[in-house]
Amino acid sequence: MKIDILISPSEATRLEFAEVILRCADHDVECVLDLDFSVLHDRCNIPDPIILDFLFFASVVYGIDKLISRERTDDRWTRTMEFCLQVSNPEKWFTVTEDLEICLSFLTGDTWKIQFTELQYELYRPRSRRKFQPSAKGNTVSLFSGGLDSLIGAIDYLEFNSTSSLFLVGHYDRYSKAASDQKHLYDILKDHYQSRLDLLQVKVGPKPSGTEKTYRSRSLLFIALGMYAACSINEQTPFLIPENGAIALNVPLTPSRRGSCSTRTAHPFFLNKLREIFEKLGIKNKLCNPLELKTKGECVEECLNRDVLHIAAPKSVSCAKGGHKSWWPNTSAKGCGVCVPCIYRRASLYKINWDEEPYGRKICRIDLDSKKAYPNDFRALVSFLRSNFSRQEIAYLLQANGNVEITRLQEYADIVARSMDEVRALLQAKGTDEIRQRAGLIS
């Protein structure tokens, strides 16, 4: 399906960014790209036009991803999306077109066909700042999603680099609560780290929201915003995307979850491909995942300031299904309790005796045969535990699910195995006899 991208510059545009409309005639849908460029303009010096192109590209991809429903495809998953984007230097973008298509296909599970052409309109109109805002500064920029991993990444950096400062970048759209989650965590960190910490939150998304809820491309947008901020400071400023190794690798728990049916937001192949693209585009800022070799439990246990983490962790959100509360018995909870990120989170907190949080559904008492319980992720995880795969078998599953460096395969398999041991420990201690039996923990 072809998506038209219509750029309509306007003297009166409130956000200093031209109106951009995404339109798909095949599905009879369209939206406006809701990009609050003013906050970037107020805080970040305009870097190389290439990084602005990349931010525009990632914003458009995110908008398309949410606009086009998977339900209307033959297999109810794989979409074929084609668009042409206006950029400042098409010749440079021609050199990475194939890499971008591979990168996006790996991330979202769709087929992407991308073209670039010369920018015909003024994409943004620089204006004087509406009110004074301090320019972005810091020794390092880090993703700040509102989740537990990015919280730990920030704490670890500030503790390990005791004289350095950190610039946090958060993303939200008008239909999510992510902005308030990020701000609550930031306020707690600010109490402890004072002037060594700053936060930039940028609204990007389609308006109206669109019907697709898988959000596979969100990490690309996070990286684009973070790299934009890092480039605006200087080309030596690195960007961190903290994500525990088990979630980054996201081993397929069942055959039906292979490919992009398991999220790949910080998968090593995806990040390595982006590094290649940045190098070809001349973007020199380094992209790093400081938690790549840790399980979530190890991230929590080895956090360099557990006192701060203990205060902030309850305000963080790890749930992948936070917008679907109607089937939760406890709708006041922050997480559903049965998605993979929630399960890993609970197991990690149990590891250090912090398993006190309420969840939408209590997995340790769930009826695995109940259709009303909606525990599909949990069923899959229990099935995986029962299989009791060896390290070699896990390595095979990882290799089948994505291009993993052969030299690091055993290292990655060991991360997955240790993560499963953390879940086993939780279920052994708190699960019903039925759950423990189905997970192969008792005969």
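**Exercise 1. Within what distance do the axes of α2 and α7 come, and at roughly what angle do they cross?**

The model is predicted: local features need pLDDT of at least 70, side-chain atom pairs count only at pLDDT 80 or more, and totals for chains, interfaces and linings use all residues. Residues are numbered from 1 along each chain as its sequence is written, and side-chain values use heavy atoms, with hydrogens and water left out.

Step 1. Helices (H or I, at least four residues) and strands (E, at least two) are DSSP runs, numbered from the N terminus. Axes are lines fitted to C-alpha atoms, for helices over the stretch in contact, and angles run from 0 to 180 degrees between N-to-C directions.

Step 2. The axes of α2 and α7 come within 9 Å, with a crossing angle of roughly 160°.

Step 3. Angles under 35 degrees count as roughly parallel, over 145 as roughly antiparallel, 65 to 115 as roughly perpendicular and the rest as oblique. The two helices α2 and α7 are therefore roughly antiparallel.

Step 4. The crossing of α2 and α7 is left-handed; this term applies if the near helix is turned anticlockwise from the far one by less than a right angle, and right-handed applies if clockwise.

Step 5. Contact means heavy atoms within 4.5 Å. Residues of α2 that meet α7 include Ile51, Leu55, Phe57 and Tyr62, and among their counterparts in α7 are Arg218, Leu220, Met227 and Cys231. By class, this contact has 15 nonpolar, one polar and one charged residues. Here Ala, Val, Leu, Ile, Met, Phe, Trp, Tyr, Cys and Pro count as nonpolar, Asp, Glu, Lys and Arg as charged, and the others, Gly among them, as polar.

**Exercise 2. Describe the packing of α5 on α6 and of α13 on α15.**

Step 1. Helix α5 (residues 148–160) and helix α6 (residues 178–193) have axes that come within 11 Å and cross at roughly 10°. They are therefore roughly parallel, and α5 passes α6 in a right-handed crossing.

Step 2. On the α5 side, Leu151, Ala154, Ile155, Leu158 and Glu159 take part, meeting Leu185, Leu189 and Tyr193 of α6. The contact of α5 with α6 comprises seven nonpolar, no polar and one charged residues.

Step 3. Helix α13 (residues 376–387) packs on helix α15 (residues 409–430) at an angle of about 105°, the axes being 11 Å apart. This pair is therefore roughly perpendicular.

Step 4. Phe378, Leu381, Phe384 and Leu385 of α13 make the contact with Met420, Val423, Arg424 and Leu427 of α15. Its residues divide into seven nonpolar, no polar and one charged.

**Exercise 3. Which residues touch the most other members of the largest nonpolar core?**

Step 1. A nonpolar core is a set of buried Ala, Val, Leu, Ile, Met, Phe, Trp, Tyr and Cys residues joined through side-chain atoms within 4.5 Å. Buried means under 20% relative accessible area, exposed over 50%, and partly exposed in between (1.4 Å probe, protein chains only).

Step 2. The largest core has 77 residues, of which Phe56, Phe57, Phe83, Leu220, Ile223 and Leu274 touch the most other members. Helix α2 (residues 49–67) gives the most to this core, with 13 residues.

Step 3. Apart from this core lies another, of 75 residues, among them Tyr186, Trp328, Trp354 and Phe378.

Step 4. Not counting residues up to four places away in sequence, the neighbours touched by Phe83 include Ile3, Ile5, Phe57, Trp112 and Lys113.

**Exercise 4. Are histidine 267, glutamate 422 and arginine 436 buried or exposed?**

Step 1. Histidine 267, in the loop between α8 (245–249) and α9 (268–281), is buried, with a relative accessible area of 1%. Beyond four places in sequence, this histidine touches Phe106, Ala248, Leu249, Asn403 and Val404.

Step 2. Glutamate 422 belongs to helix α15 and is buried at 7% relative accessibility. Sequence-distant residues that glutamate 422 touches include Thr295, Lys296, Ala347 and Lys351.

Step 3. Arginine 436, in helix α16 (residues 433–438), is buried, its relative accessible area being 18%.

**Exercise 5. Characterise the backbone at arginine 76, asparagine 388 and proline 208.**

Step 1. Arginine 76, although not a glycine, has a positive phi of about 60°. This arginine is in the loop between α2 and β4 (80–87) and is exposed at 53% relative accessibility.

Step 2. Asparagine 388, also not a glycine, has a positive phi of about 50°. Its loop runs between α13 and α14 (391–401), and asparagine 388 is exposed, with a relative accessible area of 53%.

Step 3. Lysine 207 and proline 208 are joined by a cis peptide bond, with omega about 0°. Proline 208 lies in the loop between β8 (197–207) and α7 (218–233).
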